[in-house]
Each structure stands twice: as C-alpha cells, then as structure tokens.
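Trainee: Could you pick one part of this structure and take me through it closely? I'd like to see the strand pairing and the charges together, and then how that part sits in the rest of the chain.

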Amino acid sequence: MKTIICAISGLGLLAAGMAYGQAMSALPAEIEVVVTRHEAGKPDRLTYDITQDPEAHSGVIADILRKLPSVTLSPNGAVALRGGAVTILVDGKAPPEGNAVIRSLPSAAVDRIEIMATPSSQFTPVGTGGIINLITRRRRLMKRSGEITAQANTLGQGNALLSSRLETDRWTVNSRFYADHFLDRSVLYLHQSALNETGDNYDITDREDHARAVSATVNGRLSAAWKLSDRADLTFKGEAGHYDSVSRGITYYRGLDDFDERSDIRTANRHSDVQVLYDYAGDSHGEYLSLTAEHLQNRSRTASTYDQVGGYPYDTLFASKSVTDRAQGDYERRFGAARLTFGASLDRTGLDLQSGSESAELAIGLADYFDGFSASRTLTAAYVTWQIPVGPWTVLSGLRAEREQLRLEDTGKSDVLAWYPSFHAGRDLTDRARLKIDYSRRVLRPDLGEYDPGIRYFGAFKAFSGNPELKPQTTESYEIGYAYDEKDFGADATLYYRETRGSFTGYAELTDNGLLLTSRVNSGRSRSGGLELTWRGPLSKRLSYSANSNLSYTEFPFADGGTHSQFGWSGNVLLEYNADNGDQYQLNATGYGRALTLQGYTRGVCRLDASYQHPLNDRLSLVVSATDIFNRSRFSTIVDTRALKTISYGRPNLRTLKIALTYRFGRGD
C-alpha cells in the first residue's frame with residue numbers, strides 16, 4: 001500500500017510537469033487554489049494565503065502546513081523546510097510553547113503563512129531550514145463579528161474554537177478560546193542488538209510498548225488595541241493555557257531478562273504570556289515604528305510510576321519552570337526607492353529543572369537520587385537592513401550582531417559575540433519571470449534544558465540525558481531561484497546549498513548496567529544541496545493542482561568514522577475541485593525519503609489525505625476530512641554502528657474521519 005501512495009504522488013508530479021508545458025502555450029482558466037505570491041517589497045519570503053482552504057476553518061495549523069511547498073511534517077509533528085529544522089513564529093515572535101504551537105493553534109485563527117528559507121538579518125537567525133511565520137487574522141469587515149468551530153473524529157478526539165471581535169471608535173478587542181480533547185492509542189517497538197563484552201557476538205533485547213493516553217488542552221487569548229491617534233496604537237495582549245495528560249501502558253521486555261512493566265505517567269503544563277505593543281505609522285516616507293515588551297512563563301511537571309510485574313516499583317519526577325522577558329524595537333523608513341530597517345532586542349530566559357527517582361528495589365540499577373539544574377541565557381541583538389535598486393536588480397543586504405551570555409549551573413559560563421550577514425537580490429526577467437539570489441548565515445542554539453546532565457527515565461532500560469558540552473550549530477545557506485507567474489499559473493525552480501558546522505543530532509549508547517541512554521551531541525560538519533520544483537495551475541475549468549518536488553544530496557558525519565551520504569526526496573501534490581454550488585474537494589498526497597543521522601538514518605513516509613467543504617448557508621459551513629487514508633504514517637529510526645544496532649518504529653494513531661462545523665456571526669454598526 002505504501003507503494004500505491006508513493007505512486008500517486010509521483011504521477012501527480014508527472015502530471016504537473018505535463019501541465020506546465022501546456023500552460024506555456026495557452027492561458028489557463030481562472031481557478032483559485034492555495035495562492036503563492038512574493039510579498040510586495042519583501043524579497044526574503046514567500047507568502048501563502050490560506051483563507052480559501054477548506055481546512056482553514058477546522059483543525060489546527062499543522063493540517064495546513066503539510067500542504068505547502070518545501071514543508072514536510074514527520075508523524076510526530078516535527079516541521080522541516082527542505083529537510084532542515086525550522087523555527088515557528090506567530091506574528092513575527094516566538095510563541096510560549098515553541099514549535100509545539102502548530103498542534104494547538106487553530107487554523108481558523110491564521111490568515112496567511114510566510115516561508116523564509118533564507119531569512120534576512122531582521123530575524124533572529126535560527127534553524128537550518130529557516131523560519132515559518134504564522135500571521136493571525138486581525139481585520140474583519142464587521143465591527144462586531146466572531147466565529148465558532150466545533151469538530152470531532154472517529155478516534156474520539158475533538159476540539160472547539162470561539163473567536164470574536166468588538167470594535168468601537170477607540171478600542172478594538174479580539175478574543176479567542178480553544179479547547180481540545182485528545183485520545184491516543186499507540187504501539188511502539190524496539191529491537192536492540194548490543195555487542196557483548198567479548199566483542200564476538202550481540203546480545204538481543206526486544207521492547208514492545210502499548211499505551212493509551214488522554215489529554216486536554218485549554219487556551220485563551222485576549223487583545224485590546226487602543227487607538228492613540230490616527231497613526232498610533234497601543235495594544236495589550238494576554239494569553240494563558242494549560243495541557244494535562246494521563247498515559248497508562250504496559251511494556252514487554254524480552255531477551256536476556258524477560259519481564260513486563262506497567263506505567264502511569266501524568267503531565268501538567270501551564271503557560272502565560274503578557275505583551276504590550278506600540279505601533280506608529282508615519283504620514284510620509286513609509287515610516288513605521290514598533291516597540292514590544294513581553295513576559296512569559298512556562299511550568300511543567302511529569303510524575304511517573306513504573307511497576308515491574310512481580311515487584312520492583314519505582315517513581316520518577318521531572319519538573320521545569322522557565323521565565324522569559326523580552327524587549328524589542330523595530331524601525332522602517334523609505335528613502336525614495338530605498339528602504340532602511342533597523343532594530344534591537346534584549347531577551348533573557350531563566351530555567352530551573354528538578355528531576356529524581358525513588359526505587360523500592362533498585363529496579364533501574366541506580367540508587368535513589370534527586371537532582372536540580374538551573375541555567376540562564378541573555379541575548380542582546382541589533383540589526384540593520386538596506387534595500388535599494390541597483391540597475392535592474394532589487395538588493396536587500398543586512399547584518400545582525402548577537403551577543404549570547406550563557407550561565408550553566410556547575411559547568412561554567414560563556415560570553416560570545418557573533419555576526420550574521422544576509423543578502424537577497426532579485427530582478428524581473430520579463431513581466432512574468434523573475435530571478436532571485438539569496439544568502440544567509442544563521443545559528444541554532446540548544447534549548448537550555450538540553451544542557452542538563454541529569455537523566456530522565458522512560459522505563460527500566462531507556463533514558464535521556466542532556467549534554468553540558470553542547471555548542472551552537474551554524475549554517476551557511478545559498479539559493480538561486482527562477483519564478484514564473486501568471487494570473488492562474490506559476491512555476492518555481494530553486495537550486496540550494498547548505499553547510500552546517502556542529503550539527504545537533506541524537507546519540508544512543510548502552511551503559512554498563514544495560515541502560516539505553518540517548519543524548520544530543522555536536523556531530524561535526526554536514527552538507528546538503530538540491531533542486532526544488534513547484535508548479536500550480538488548472539487541469540480543467542473546475543479542477544486545479546499544486547505540486548512540489550525536492551531532490552537533494554546530503555553528506556553527514558558517521559559515528560564509526562568518516563561520512564555517509566545519500567540522495568533524498570520530498571514532495572506533495574494537492575488537487576482541488578470547486579463545484580458550481582460552492583462545494584470544494586481536496587486530495588493531498590505528501591511524502592519524503594529517509595534522512596541520515598550520526599549513527600544511522602530515519603525512514604521516509606508517504607501519506608494521503610482528503611477533505612470536503614460544503615456551505616450550508618451564508619453563515620454555517622461543514623468540513624469533512626479523512627486523514628492518512630491508507631494508515632501509512634509510521635516512523636522508523638535505525639542505529640547501525642558496530643557496537644550498537646537498534647530498530648525502533650511505531651505508527652501514530654492518525655487515520656481518522658473528521659467532521660467540523662463552523663458558524664460565523666456578526667454585524668456592522
């Protein structure tokens with residue numbers, strides 16, 4: 001069945017290529033698809049208008065991201081751009097929950113998505129893949145308006161969203177409340193072969209995890225904008241949310257020591273975010289000033305109880321608290337055809353961790369313990385960008401300076417100043433064709449918790465540990481692209497190359513007491529490059545398509561020495577049919593090939609989804625969607641070194657049929 005889905009994707013890419021040749025000789029019919037366009041005056045990004053997508057009124061933003069060119073989502077929700085890790089922003093700022101926001105932010109709250117594979121120096125240079133910026137909906141045609149969405153699926157999962165807007169002469173108040181109930185049943189497998197003490201054979205262990213997890217998410221957001229004048233606004237924003245889950249399961253160990261182990265894992269997360277923003281738009285020269293102050297807190301606690309059947313119970317605890325304070329200012333002004341942008345920011349985060357274990361019978365081979373860890377990071381940054389026409393070219397150059405002051409408990413401190421340049425240039429070849437050249441240097445810093453050397457246990461023989469020796473990874477990114485756009489048809493081709501030093505990667509080792517311990521290390525230097533092609537246009541009067549394919553070559557360090565390399569691929573095909581009565585149908589095939597790691601690789605995934613939208617009346621609409629129709633969203637991670645060989649795999653419970661209703665209300669005054 002996996003071959004069938006991949007074949008569907010391949011046929012879609014072939015059909016798209018044939019349609020491209022036909023479109024060059026005939027103007028296509030007017031069909032609206034998920035729109036791609038270059039944001040006017042901003043050559044460092046592509047913008048996707050998602051308001052016409054049927055799933056824009058139901059589900060979460062992850063449902064939309066998987067349809068976009070260049071973007072891939074793994075079965076566990078990790079986002080990548082052309083295979084590189086990305087940073088998710090909401091309205092240009094990092095959300096309290098980080099990239100996990102895509103699993104809780106309702107797609108109905110987002111107006112458009114900005115993709116920056118090589119972001120300019122205006123943005124904090126994070127990730128190897130770039131930045132995805134989610135722009136939330138702010139404007140309504142009516143002064144009093146709102147939207148209610150409720151959905152449920154065949155897995156017993158469901159959520160509800162209520163958003164509203166109230167506008168007076170001086171105030172504009174927006175609110176959003178989101179609640180989600182999630183039920184998951186999963187089975188995970190691990191086959192492990194470890195070289196024995198004599199080095200002439202392997203000891204075999206098999207682990208099989210069966211778990212049932214129930215979680216509840218509640219999130220509320222309120223913003224109030226006060227119009228100080230015709231050109232100035234003062235906005236107050238507040239957000240609070242919590243996530244609670246209970247997971248119960250049983251693990252079967254077979255090999256040198258056969259036993260069963262039951263688990264009860266309870267997690268509670270709390271976050272709050274307060275922002276004050278001042279915006280001023282001048283009456284000439286395109287002048288714009290933005291000032292932001294923000295305070296956010298995150299608290300998390302996970303308490304686990306494990307009981308090996310027949311005795312040996314033990315408990316583990318992990319708790320964290322982080323506090324972040326940010327201040328940022330940005331200024332923009334035009335000088336004729338040129339544009340100057342500059343700004344500065346101060347960002348300080350403090351983290352406190354607590355972890356421990358209590359074992360009645362020393363079941364995990366270690367004495368009882370309780371550890372604490374604290375860390376802080378202060379980032380001071382300043383940037384400037386200058387956009388100017390140079391002959392037929394529009395050139396955007398920039399430079400960003402960042403000073404990182406890092407303090408780690410018991411392991412020392414560091415103070416580093418680094419520079420991050422960027423360069424973007426584009427020119428129109430014809431009224432429909434455009435050439436662009438992009439370069440940026442960026443950095444990905446470890447999360448503060450990844451420096452914690454304490455051990456977190458996930459059962460008797462599996463654990464994770466941080467690494468206080470981790471260093472930031474830096475990436476140099478180069479791109480050259482060609483874009484052809486008509487009213488109803490477009491095609492892009494991009495050649496890209498990345499070189500990353502100090503790549504983060506997982507590293508697994510077997511300790512003397514049989515514990516499979518995973519941590520993060522800097523693996524050395526990796527290279528990747530490739531060709532990405534994108535097409536979009538009509539196949540008939542009512543049927544349209546968009547297709548993306550990415551062919552790449554990667555070299556990655558290997559734990560046993562040297563490097564290993566491979567050719568890879570990713571792609572998606574979206575077919576959309578718009579009926580005369582307003583109904584809309586979508587079929588989306590996505591997939592990506594295997595990816596290299598320090599000790600082996602991860603296998604690829606193919607997936608097919610479908611959705612249907614029907615307007616019941618002017619205010620009420622119905623969306624029915626089928627996710628992972630052939631149940632092929634599975635993940636597999638292979639470690640293949642001389643000392644340790646493991647195969648871990650599982651299948652998230654994603655295949656489902658979902659029904660959503662959206663009701664819009666409001667009136668003008």
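**Strand S23 and its surroundings**

Mentor: Let's start with a pairing: twelve bridges join S23 to strand S24 (residues 490–501), and the two run antiparallel. Before going on, bear in mind that this is a predicted model, where local features need pLDDT of at least 70 and side-chain atom pairs count only at pLDDT 80 or more, while totals for chains, interfaces and linings use all residues. Residues are numbered from 1 along each chain as its sequence is written, and side-chain values use heavy atoms, with hydrogens and water left out.

A word on terms. Strands (E, at least two residues) and helices (H or I, at least four) are DSSP runs numbered from the N terminus, and two strands pair if DSSP finds at least two bridges between them.

Back to S23. A hairpin of four residues carries the chain from S23 to S24. If you want a register marker, Tyr 484 sits opposite Ala 491 in S24. S23 also has S20 as a partner: again twelve bridges, again antiparallel. There, Ser 440 stands opposite Ser 477 in S23.

Now the charges. Arg 441 makes a salt bridge with Glu 476, with the closest N and O atoms 2.8 Å apart; the term means a side-chain nitrogen of Lys or Arg within 4 Å of a carboxyl oxygen of Asp or Glu. This pair ties together distant parts of the chain, 35 residues apart: Arg 441 belongs to strand S20 (residues 433–444) and Glu 476 to strand S23 (residues 473–485). How exposed are the two ends? Arg 441 is partly exposed at 29% relative accessibility, whereas Glu 476 is buried at 15%. Buried here is under 20% relative accessible area, exposed is over 50%, and partly exposed is in between (1.4 Å probe, protein chains only).

A little earlier in sequence, Asp 438 bridges to Lys 436, with 3.0 Å between the closest N and O atoms. Both partners are buried: Asp 438 at 4% and Lys 436 at 19%. They aren't alone, either, as a network of salt bridges links Arg 82, Lys 436, Asp 438, Glu 479 and Glu 532. For contrast, take the bridge between Asp 111 and Arg 112, 3.5 Å from N to O; Asp 111 is partly exposed at 24%, and so is Arg 112, also at 24%. The whole count comes to 37 salt bridges.

Next, the nonpolar side of things. In soluble globular proteins, nonpolar side chains tend to be buried together. Here the largest nonpolar core has 28 residues, and the ones with the most contacts inside it are Ile 61, Leu 65, Val 71, Ile 102, Ile 113, Ile 132 and Leu 134. Such a core is a set of buried Ala, Val, Leu, Ile, Met, Phe, Trp, Tyr and Cys residues joined through side-chain atoms within 4.5 Å. Several elements supply at least two of its residues each, including helix H2 (62–65), strand S6 (110–116) and strand S7 (130–136). There is also a second, separate core of twelve residues, and Leu 406, Leu 408, Leu 444 and Phe 504 are among them.

Not everything nonpolar is tucked away. Phe 342, Val 384, Leu 399, Leu 417 and Trp 419 make a surface patch with about 460 Å² of accessible area together. For a patch like this, nonpolar side chains (Val, Leu, Ile, Met, Phe, Trp, Tyr) with over 30% relative accessible area and no salt bridge are joined within 5 Å, and like charges within 9 Å. Areas come from the Shrake-Rupley method with a 1.4 Å probe; for residues, only the protein chains shown count as cover. Phe 342, in strand S16 (residues 338–359), is partly exposed at 37%.

Another hairpin is worth comparing: four residues join S33 to S34, and six bridges hold strand S33 (residues 605–615) against strand S34 (residues 620–627), antiparallel. Leu 616 lies in the loop between them and is partly exposed at 42%. Setting aside neighbours within four places in sequence, Leu 616 contacts Ser 621, Leu 622 and Leu 661, a contact being heavy atoms within 4.5 Å.

Finally, zoom out. The chain has two helices and 37 strands, and 50% of its 669 residues are buried. Of the contacts with a separation of 6 or more, 64% are between residues 24 or more positions apart.
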